[in-house]
Amino acid sequence: MNYDYDHKLMAACLRYARRHRGLTASNPSVGTLLVHFGTDGPRIVGRGVTAIGGRPHAERIAIDCAGELAIGSTAYVTLEPCAHHASTPPCAQALIHAGVSRVVTACSDPDERVNGRGHKMLQDAGIVTQTGLFRKNASEDLSGYFSRQLKRRPHVVLKLAVSSDGWLGIKGKEILITGRLARYYGHRMRAETDSILVGRGTVEADDPLLTCRLPGLRNRSPRRFVLDQKGRLPVGSQLVRTACTVPVTLITSWKYVLSNRLYYSGVRTISAEIIEDGLALFEVLEDIAAQGVSSLMVEGGAQVAESFLKADLVDEIALFTSKKSLKEGDIPSPLTQKKISKKFQLRRSLNLGDDRLTQFFRA
Ligand SMILES: NC(=O)c1ccc[n+]([C@@H]2O[C@H](COP(=O)([O-])OP(=O)(O)OC[C@H]3O[C@@H](n4cnc5c(N)ncnc54)[C@H](OP(=O)(O)O)[C@@H]3O)[C@@H](O)[C@H]2O)c1
């Protein structure tokens, strides 16, 4: 057995698992590599990433890919293999039957049907099992799945583009705050999230599509949600006109019934209670999670961003700061580089042309 390659192979496995982020419905996007070690180094004999839609699981795909070569191999898996019978037998059992001799995982699965049982099943079968390699990276990649399992709501990323003087925009005008590269990066983030949410104010001001329009990733647009208490989304808006191709759900007060014109355009609704001056966001998030959504990117505007922060429902912040100043700006950002709560820790920052992206995670 060669333990020297564990870090490299698990890092490769994590990168591979990212391929299907946002595409695996309520299941996490997991990666698996089956590897043999010879005198000339490691050889990958099977690989798998959770299939689009969530099944088959990564382990099953890697085992099928390896065939008999799975015997005696080391399996690298980014999440503990499942231990329960669903529509297919447990992946831990599949690894045992395939003749794998060692299993390395990045983290345990908090699903109450697994939660250590997958690892135990492997150990009981005499398989050398090691866990926790790159746990932090894997937990970050699987944050949506963990959030839905542990908090019963999606992982919430608040994304804002702020001018150098702290404005989000100018009332009544559609303003581009960041440059092309930053906007492309924002589209990449859309491709990796299950869903995106804005307020009615943003739809009225900008008439956004909220899709991913990067070449090759156009089929990876997230589901779109709009906070709109009275269901007044304009029927001619781009969101409504495209609702049959990329789903649009309005979040309204339970007192309002969706108009026939919106319903027949393909728009659907979630109803929620009104508290103080808006919809009860925790309840909204629970309902969104119940539809199998694990990650949600909140793309503004100002009032919505403020409400999510006030309700303490933000897990991650993606702040795009432009060098440009908006002298006549009149929509202040609730966040700037210098105005971030201590609850959040800086994780990484990146220059994108003239703009800077800083990402913060809840400590
Ligand atoms: N720079 C950026 O990153 C960025 C991103 C997006 C937008 N913007 C700009 O921001 C401006 C729009 O922002 P905005 O503040 O006017 O509108 P907004 O935040 O997009 O939408 C606010 C509306 O959402 C509805 N809502 C329902 N429940 C809510 C709740 N719990 N919390 C908050 N809102 C709730 C309310 O409408 P109902 O009462 O009808 O339900 C409220 O009026 C535009 O100018 C746009 O260009 C900037």
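Angles under 35 degrees between helix axes count as roughly parallel, over 145 as roughly antiparallel, and 65 to 115 as roughly perpendicular. The exercises below apply this cut-off, and others where a step calls for them, to a predicted model.

**Exercise 1. At what angle do α2 and α3 cross, and how is their packing described?**

Solution. Begin with the two quantities that are needed: two packed helices are described by the angle between their axes and the distance between the axes. For helix α2 (residues 58–66) and α3, the axes come within 9 Å of each other and cross at roughly 20°. That angle makes α2 roughly parallel to α3. The last step is the hand of the crossing, which for α2 and α3 is left-handed.

**Exercise 2. Describe the packing of α3 and α4, and state the hand of their crossing.**

Solution. Helix α3 (residues 91–98) packs against helix α4 (residues 117–124) at an angle of about 20°, and their axes lie 9 Å apart. Because of that angle, α3 is roughly parallel to α4. The crossing of α3 and α4 is right-handed, whereas that of α2 and α3 is left-handed.

**Exercise 3. Find which elements supply the shell around the ligand, and sort the shell by residue class.**

Solution. Start with the count: 25 residues surround the ligand, and the closest are A161, R200, T202, Q229 and S307. Next, turn to the secondary structure, where β6 (155–162), α8 (200–206), β13 (278–279) and α12 (302–310) each contribute at least two residues to the shell. Of these, α8 gives the largest share, with 5 residues. Finally, sort by class, which yields 11 nonpolar, 9 polar and 5 charged residues.

**Exercise 4. Trace the contacts that G199, R200 and G201 make with oxygen atoms of the ligand.**

Solution. Take the residues in order along the chain. A backbone N or O atom of G199 is 3.5 Å from a ligand oxygen, while R200 places a polar side-chain atom 2.6 Å from an oxygen atom of the ligand. For G201, a polar backbone atom lies 3.1 Å from a ligand oxygen. As for burial, the ligand taken alone exposes 930 Å², of which the protein buries 85%.

**Exercise 5. Which peptide bonds, at P56 and G301, are cis, and where does R152 with its positive phi lie?**

Solution. Consider the bond from R55 to P56, which is cis with omega near -5°; P56 sits in the loop between β2 (41–49) and α2. The bond from G300 to G301 is likewise cis, with omega near 0°, and G301 belongs to the loop between β14 (295–298) and α12. Turning to phi, R152 has a positive value of about 60° although it is not a glycine, and R152 is found in the loop between α6 (143–151) and β6.

How values were computed. Residues are numbered from 1 along each chain as its sequence is written. This is a predicted model: local features need pLDDT of at least 70, side-chain atom pairs count only at pLDDT 80 or more; totals for chains, interfaces and linings use all residues. Side-chain values use heavy atoms; hydrogens and water are left out. A residue is near a molecule or strand if one of its heavy atoms lies within 4 Å of it. A polar contact is a pair of N or O atoms within 3.5 Å; within protein, one must be able to donate a hydrogen and the other to accept it, and residues adjacent in sequence count only if both atoms are side-chain atoms. Accessible areas come from the Shrake-Rupley method with a 1.4 Å probe; for residues, only the protein chains shown count as cover. Helices (H or I, at least four residues) and strands (E, at least two) are DSSP runs, numbered from the N terminus. Ala, Val, Leu, Ile, Met, Phe, Trp, Tyr, Cys and Pro count as nonpolar, Asp, Glu, Lys and Arg as charged, and the others, Gly among them, as polar. Axes are lines fitted to C-alpha atoms, for helices over the stretch in contact, and angles run from 0 to 180 degrees between N-to-C directions. A crossing is left-handed if the near helix is turned anticlockwise from the far one by less than a right angle, and right-handed if clockwise.
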